[in-house]
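This note collects comments on the model under review, set out as numbered points. Each point takes up one site or one feature.

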Amino acid sequence: SDAITVGQLAQLLHKNSSEIIKFLFMMGNMSTINTVLSDEDIELICMNFNVEVHKEVVVDEDDIEEQLQNVEEDESKLVSRPPVVTIMGHVDHGKTTLLDTIRKANVTEGEFGGITQHIGAYQVSLKGRKVTFLDTPGHEAFTAMRARGAEVTDIVIIVVAADDGVMPQTKEAVDHAKAAGVPIVVAVNKIDKPGANPDRIMSEMSELGIMPEEWGGDTIFTQVSAKKGTGVPELLETMLLVADMQELKANPDTNASGTVIEAKLDKGRGPVATLLVQRGTLQTGDSVVVGTSYGRVRKMTNDRGMEIKHAEPSCPVEIIGLNEVPRAGDVFMSYDSYKKAAEIAGHRLDKQIEKERNSSSAMSLEDLAKKI
Ligand code: GDP
Ligand code: MG
């Protein structure tokens, strides 16, 4: 990429060169107006001056993305958006059954045919309001998303089987929700079973710091049978109340960005990715970058397999058109220009290759040291 000097960066950032020279000096680097800056220096300077960097300027696009996402939103453009809910819990405690029951009860007949479609995220209508559910394929994916700073969920429903109790993955779910700082609603499931003991679940969850409201805590516990549907409407009502307290909003009127929920290589269609739009509106034809993958959105389908042209905040969509399979948990950004998208992805690929080359040369040095 093109070399940028202190003087040029100062101009681009509308700062005085001396401010940048002073900052670099404090960081232990001597510089002049003609000093060529490293990528790292540019990142540091931009972070220090807290500027919304013009995309052409900066070399590290990941940082720009972060900065763009941290930019104060224009309050007047914020519109309320559907909550994004993740159902978590120990294996076999009934997550899939619960999600199926919710979908079946809240999908209109005409759409029913598409219910077998699996895209890892679903949107349903509850009392005329949309709610997005994420079907966590595994906690690894969720951990990966969090590790990359992707905050996708607004509420976590933790499913605990009343005949089994708190198990290792229940604890993990609690940890995830706590780390993400999102409210928890507990669904004590399988209450139709003879051995069901909801009180035991409440006390075991309390030991994890998840105290029921009726015991003076602030978490709502609901008793359900995901299989029979008992208590599910009450669970959903509770969930909507919790969502209302969060006043969830996003600006739909800008370039789309969000997170990859899952992705795979389809023999016929090529790379297929399920995206959760979190900001802006994604449209067919948009140019998208995810990590080192990029492309134009050739086709978008919703969770019922129907083709759609626009996807607003909190909407999950499956897209085709990327040149390679992205990682689940990666952030995507859309751009007006295809050329721009290709450039950004190409630049990232260069950086990645360079990184790999550096780490492999470090290894060979180590190997060398061992041999000596
Ligand atoms: P997951 O691993 O958490 O997704 O669990 P599943 O939804 O696959 O459920 C595991 C098993 O528990 C399946 O055989 C379900 O039919 C059963 N199951 C789920 N919910 C209930 C329930 O409310 N009552 C009863 N009796 N069985 C349930
Ligand atoms: Mg399941």
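1. The residues of the shell around ligand 1 divide into two nonpolar, seven polar and six charged. The model is a predicted one, and the points below should be read in that light. In total, 15 residues surround the ligand, and the closest are Asp 92, Lys 95, Thr 96, Thr 97 and Asp 192. Among the elements, helix 5, which spans residues 95-106, gives the most to this shell, with three residues.

2. Polar contacts to ligand 1 come from both backbone and side chain. A polar backbone atom of Asp 92 is 2.7 Å from an oxygen atom of the ligand, and a polar side-chain atom of Lys 95 lies 2.8 Å from a ligand oxygen. A further backbone contact is made by Lys 227, where a polar atom is 3.2 Å from an oxygen of ligand 1. On its own, ligand 1 has 580 Å² of accessible area, and the protein covers 75% of this.

3. Asp 92 deserves a separate comment. This residue is found in the loop between strand 4 and helix 5 and has a positive phi of about 70°, although it is not a glycine. Most residues other than glycine have a negative phi. Is Asp 92 buried or exposed? With a relative accessible area of 62%, Asp 92 is exposed; the cut-off for that class is over 50%. The accessibility is calculated with protein chains only, so the ligand does not count as cover in this value.

4. Asp 192, which is also one of the closest residues to ligand 1, lies in the loop between strand 8 and helix 8, the latter formed by residues 198-207. Its relative accessibility of 33% makes Asp 192 partly exposed. The C-alpha atom of Asp 192 is separated by 8.5 Å from that of Thr 230, although the two residues are 38 apart along the chain.

5. The largest nonpolar core contains 24 residues, of which Ile 87, Leu 98, Ile 102, Val 131, Phe 133, Ile 157 and Met 239 touch the most other members. Two or more residues each are given to this core by strand 4 (84-89), helix 5, strand 5 (121-126), strand 6 (129-135), strand 7 (155-161), strand 8 (184-189) and helix 9 (232-246). Helix 9 gives the most, with seven residues. In soluble globular proteins, nonpolar side chains tend to be buried together. Helix 5 therefore appears in two roles, since it contributes to this core and also gives the most to the shell around ligand 1.

6. A second positive phi outside glycine occurs at Ser 314, where the angle is near 80°. Ser 314 is placed in the loop between strand 17 (310-311) and strand 18 (316-322). With a relative accessible area of 2%, Ser 314 is buried, whereas Asp 92 is exposed.

7. How many aromatic pairs does the structure hold? There is one aromatic pair, formed by Tyr 294 and Tyr 338, with 6.0 Å from centre to centre and 55° between the planes, a tilted arrangement. Tyr 294 lies in strand 15 (residues 293-301) and Tyr 338 in helix 10 (residues 338-371), so the pair ties together parts that are 44 residues apart in sequence. Both rings belong to partly exposed residues: the relative accessible area is 21% for Tyr 294 and 35% for Tyr 338.

8. Helix 3, residues 39-49, has a cap at its N-terminal end, where a side-chain oxygen of Ser 38 lies 3.1 Å from the backbone nitrogen of Asp 41. The buried residues of helix 3 are Asp 41, Ile 42, Glu 43, Ile 45, Cys 46 and Phe 49. Asp 41 thus appears both in the capping contact and in the list of buried residues.

9. A final point concerns Leu 349, which is placed in helix 10. At 35% relative accessibility, Leu 349 counts as partly exposed. From C-alpha to C-alpha, Leu 349 and Met 205 are 45 Å apart in space, and 144 residues separate them in sequence.

How values were computed
Residues numbered from 1 in each chain as written. Chains lettered and ligands numbered in written order. Heavy atoms only, no water. Phe/Tyr/Trp six-rings, centres within 6.5 Å; stacked < 30°, edge-to-face > 60°. Helix = DSSP H or I, 4+ residues; strand = E, 2+ residues; numbered from the N terminus. Buried < 20%, exposed > 50% of the residue type's maximum accessible area, 1.4 Å probe, protein only. Near = heavy atom within 4 Å. Polar contact = N/O pair within 3.5 Å; in protein donor to acceptor, adjacent residues only side chain to side chain. Areas by Shrake-Rupley, 256 points an atom, 1.4 Å probe, with all protein chains shown as cover. Nonpolar A, V, L, I, M, F, W, Y, C, P; charged D, E, K, R; others polar. Core = buried A, V, L, I, M, F, W, Y, C linked by side-chain atoms within 4.5 Å.
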